[in-house]
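Q: Could you take a close look with me at the empty space inside this protein? I would like to go through one part of it slowly.

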Amino acid sequence: MSKMTPQEMAQQIGGGLLSFPVTPFKADYSFDEVTYRSNMDWLCGYDVAGLFAAGGTGEFFSLTAAEVPQVVKVAVEETKGRVPVLAGTGYGTAIAREIAIGAEEAGADGLLLLPPYLMHSEQDGLAAHVEAICKSVKIGVIVYNRDNAILQPDTLAKLCERCPNLVGYKDGIGDIELMTRVYSKMGDRLTYIGGLPTAETFALPYLDMGVTTYSSAVFNFVPEFATNFYAAVRRRDHAAIHAGLKNFILPLIAIRNRKKGYAVSIIKAGMKVIGRDSGPVRPPLTDLTDAEMAELTALVKALPDAVPARQAAE
């Protein structure tokens with residue numbers, strides 16, 4: 001069980017960079033625990049405020065309800081309290097509750113509640129879904145506002161009154177007006193997280209809106225770049241930010257946008273580039289082509305703070 005209160009967890013993750021480690025798989029798509037332990041230990045050596053086990057980049061959508069607590073347990077054991085570990089949960093309400101309870105028992109410090117599977121619903125239905133998850137655990141819960149789970153400010157306010165452990169709001173749609181209305185309504189009651197794909201592109205304008213942190217997928221394979229970029233955002237160093245976007249993030253996005261699902265696939269490909277091969281992505285996702293791998297390798301090698309593959313894998 002976590003030793004952090006929901007408020008302590010929220011405060012800690014709001015003060016630094018966040019990331020979603022990939023979930024390594026073997027050739028037969030089974031969980032590669034040994035590689036996962038190595039990756040988690042390595043990432044903890046960098047300045048990161050929280051790691052999300054079995055999150056979106058960790059292929060939560062391809063894991064079974066039994067695998068998620070297993071992955072979380074390994075993450076908790078390997079991080080050894082150095083950083084908070086949060087777990088993904090989602091699907092229908094009953095399954096999300098089951099995963100949430102299992103993640104809490106595995107030692108997670110918090111939960112990221114992903115949108116319900118497939119269905120679109122009204123605000124009352126979404127609120128009931130969120131409340132059911134919050135009431136099923138004692139650890140802190142962060143709602144992921146995206147796709148078919150867009151919570152409006154009034155709904156969030158009512159949920160915060162009923163659920164003291166609802167402590168975070170992650171934005172995945174980029175609606176600046178909605179984000180402004182949410183912050184105006186809730187203020188410091190919630191910790192706000194930038195959660196758009198390749199969040200670095202939105203980091204600076206979101207900082208001015210009270211979003212002090214974001215989840216960096218590229219932290220998985222270029223942690224020096226990711227932490228330096230985050231530091232540049234926090235000090236509002238426009239020159240450094242634009243250089244990072246132009247020289248790495250935007251070319252990375254160009255590769256990512258070629259095929260559906262590459263937002264995850266390209267991160268696993270990056271792990272292979274630096275010598276931390278974490279296996280294939282599970283279907284229905286597909287891996288990068290050899291030509292795309294070569295492009296990504298060149299991008300990483302061009303970074304001034306790139307980690308040599310041999311060093312990264314040690």
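Which residues line the largest cavity?

A: Happy to walk through it with you. Please keep in mind that this is a predicted model. The wall of the largest cavity is made up of L113, L114, P115, P116, L126, H129, V130, V143, Y144, A149 and L151. The space enclosed there is about 70 Å³. In character, the lining of the largest cavity splits into 10 nonpolar residues and 1 polar residue, with no charged residue.

If you want to find this cavity by following the fold, look for α5 (123-136) and β5 (140-145), which each supply at least two residues of its lining. Of the elements, α5 gives the most to that lining, with 3 residues.

Now for the other enclosed space. Searching the whole structure turns up 2 cavities of 30 Å³ or more. The second largest cavity has a volume of about 50 Å³, and its lining consists of D171, G194, G195, L196, A199, F202, A203, Y206, V211, T213 and Y214. Two or more residues of that lining come from each of α8 (203-207) and β8 (213-214). Here the lining divides into 7 nonpolar, 3 polar and 1 charged, whereas the lining of the largest cavity has no charged residue.

It also helps to set the cavities beside the open space. The largest pocket holds about 940 Å³. It is lined by 37 residues, and those closest to its centre are G56, F61, L114, R146 and V264. You will recognise L114 from before: this residue is also part of the lining of the largest cavity. Among the elements, α10 (238-256) and α11 (262-273) each bring at least two residues to the pocket lining, and α11 has the largest share, with 4 residues. By type, the lining of the largest pocket comprises 23 nonpolar, 9 polar and 5 charged residues.

While you have the model open, the cysteines deserve a glance. The count of disulfides is 0. For C134, the nearest cysteine sulfur is that of C163, 4.3 Å away. That pair is not a disulfide because the two sulfur atoms would have to lie within 2.5 Å. Seen from the other side, C163 has the sulfur of C134 as its nearest, at 4.3 Å. C134 has 2% relative accessibility, so it counts as buried. C163 is also classed as buried because its relative accessibility is 1%.

A few backbone details round out the tour. A54 is not a glycine, yet its phi is positive, at about 55°. You will find A54 in the loop between β2 (50-53) and α3 (67-79), and it counts as buried because its relative accessibility is 0%. R236, another residue other than glycine, has a positive phi near 55°. The loop between α9 (223-234) and α10 is where R236 lies. With 41% relative accessibility, R236 counts as partly exposed.

Finally, have a look at the prolines P283 and P284: the peptide bond from P283 to P284 is cis, with omega near 15°. P284 sits in the loop between α11 and α12 (290-301). That brings you back to α11, the helix that gives the largest share of the lining of the largest pocket.

Terms used. Residues are numbered from 1 along each chain as its sequence is written. This is a predicted model: local features need pLDDT of at least 70, side-chain atom pairs count only at pLDDT 80 or more; totals for chains, interfaces and linings use all residues. Side-chain values use heavy atoms; hydrogens and water are left out. Buried means under 20% relative accessible area, exposed over 50%, partly exposed in between (1.4 Å probe, protein chains only). On a 1 Å grid over the protein atoms alone, a cavity is a set of points where a 1.4 Å probe fits but cannot get out, and a pocket is an open set with protein on both sides within 12 Å along at least five of seven lines; lining residues have an atom within 4 Å of a point. Grid points are joined across faces, edges and corners, and a volume is the space filled by probe spheres set on the points. Ala, Val, Leu, Ile, Met, Phe, Trp, Tyr, Cys and Pro count as nonpolar, Asp, Glu, Lys and Arg as charged, and the others, Gly among them, as polar.
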